[in-house]
Amino acid sequence: MQRREFLTSVTVAGLSVPFTRADGIAQSQTRVQRKGRIKQALFRNVFGNPNMAFEDQCRIAADLGCFGFDLIPQQDWPTLKKYGLVPTMAGAGPVTFPDGLIHREVHADLEPKLKTYIDQCVAGGCSKIITVGGQRKGMSHAEGADNAVAFLNRIKSYAEDKRVTICLENMNTRYPDNVLGRPDQICDHISWGFELCKRVNSPSVKMLFDIYHAQVMDGNLCDNIRDNLAWIAHFHTAGVPGRRELDDTQGDQLSFRRQDNCRLGFLRLRRPRVSTGSGPRSHREPPPIARHHGRLRPNQGAFDADR
């Protein structure tokens, strides 16, 4: 049975009988038991129903054997814990999309704030933090790399001591909007990010490899992942073309299923897009993850390697 067939066959709401374990973790009698090689995580907005309570989402995720959620605000981490889930990736904290890591003028202010944020993540049980290179604003890739390396060298020992991984996400600049692309982001080719990680040379500085963005900019996904797996801590994915649901129409999904499994660790589902009306699914239409508390379906997703 394919992953899509399995997920679409599991009724995740209305039929489960919840119970609470002795350790206080809420579970359902129908909870799916996974083998553990693939740790699936979710975004909270992939469920198709924008009014679904986060606690209900956690219950569904736990019943399906998911590992946790990415990019959940810290105030909601106790709800994850209640259902035996974890925050699989924290937000960027004080690192912003415009400045990222490459602008030296923000480094002095950013360093103490990021260390404080690392402490908060450790206290909440989150071991990975997403980060971004930043917008170039005319800066060369070489200068940006030098600046980012300088900053990460200032922070890496602190992250190592706390056993936290700073995960630099690659993005595509091919599309000039913030739906399909990330305009002016410096880490728009995976080679820039991998070279950065190699220069910093720390187990606490790795790539968040976004399969969708990498396919748009670089392609050759399986070889690129296999050749650089030592520098990858987390994966995100969505379909190409159009950042759609992962199915047989999506080129990146086909390459993984038919060519190589690449020993990936986490699978994390990404957010749906905003519907643009009737007719064939556009890149903005949300392939539903859950309709009216119904069945969970794979959407744009992500993998993450936790070795």
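What follows is a chat about how the labels on this predicted model were earned.

Reader: What kind of model is this, and how are its residues numbered?

Author: It's a predicted model, where local features need pLDDT of at least 70 and side-chain atom pairs count only at pLDDT 80 or more, while totals for chains, interfaces and linings use all residues. Residues are numbered from 1 along each chain as its sequence is written, and side-chain values use heavy atoms, with hydrogens and water left out.

Reader: How many helices and strands are there, and what makes a stretch count as one?

Author: The protein chain has 9 helices and 11 strands. They are DSSP runs, numbered from the N terminus: H or I over at least four residues for a helix, E over at least two for a strand.

Reader: What share of the chain is buried, and what does the word stand for?

Author: Of the 307 residues, 54% count as buried. Buried means under 20% relative accessible area, exposed means over 50%, and partly exposed is in between, with a 1.4 Å probe and protein chains only. As for the accessible surface of the whole chain, that comes to about 13600 Å², 49% of it belonging to carbon and sulfur atoms. Those areas come from the Shrake-Rupley method with a 1.4 Å probe; for residues, only the protein chains shown count as cover.

Reader: Why is Glu111 called buried?

Author: Its relative accessibility is 14%, and the cut-off is under 20%, so Glu111 counts as buried. Glu111 sits in helix α4, residues 107-123.

Reader: What makes the Glu111 and Arg154 pair a polar contact?

Author: Their side chains come to 2.7 Å. A polar contact is a pair of N or O atoms within 3.5 Å; within protein, one must be able to donate a hydrogen and the other to accept it, and residues adjacent in sequence count only if both atoms are side-chain atoms. The 2.7 Å pair is listed as such a contact. Leaving aside neighbours within four places in sequence, Glu111 also has contacts (heavy atoms within 4.5 Å) with Phe151 and Ile155.

Reader: How do you know that Gly144 is buried, and what does it touch?

Author: Gly144 has a relative accessible area of 0%, so it is buried. This glycine is in helix α5, residues 141-162. Beyond four places in sequence, it touches Ile102, Met139, Ile186 and Trp192. Leu101 is 43 residues away along the chain, yet the two C-alpha atoms are separated by 8.2 Å.

Reader: And Gly100, why is that one called buried?

Author: At 2% relative accessibility, Gly100 counts as buried. Gly100 lies in the loop between β5 (86-89) and α4. Its contacts outside four places in sequence include Val106, Leu110 and Val132.

Reader: What makes strand β9 largely enclosed?

Author: In β9 (residues 232-236), 5 of the 5 residues are buried, so the rest of the structure largely encloses this strand.

Reader: How do you know that β8 pairs with β9?

Author: Two strands pair if DSSP finds at least two bridges between them. Here 4 bridges join β8 (residues 205-210) to β9, and the two run parallel. Leu208 stands opposite His234 in β9.

Reader: What makes both faces of β6 covered?

Author: Lys128 and Ile130 on one side, and Ile129 and Thr131 on the other, are all buried. In a regular strand, side chains alternate between the two faces of the sheet. β6 is also joined to β7 (residues 165-169) by 4 bridges, again parallel, with Ile129 partnered by Ile166.

Reader: Which residues of α8 are buried, and why are they said to be on the same side?

Author: In α8 (residues 221-228) they are Leu221, Cys222, Asn224, Ile225 and Asn228. They cover an arc of only 165° around the axis, which puts them on the same side of α8. The arc is that of the directions from the helix axis to the C-beta atoms.

Reader: How many disulfides are there, and what would count as one?

Author: A disulfide is a pair of cysteine sulfur atoms within 2.5 Å, and a search of the whole structure finds 0. Cys66 is buried at 5% relative accessibility, and Cys222 is buried at 6%.

Reader: Why is Leu71 called partly exposed?

Author: Its relative accessible area is 32%, in between the 20% and 50% limits, so Leu71 is partly exposed. Leu71 lies in the loop between β4 (68-70) and α3 (77-82), and its phi is near 60°, a positive value in a residue other than glycine.
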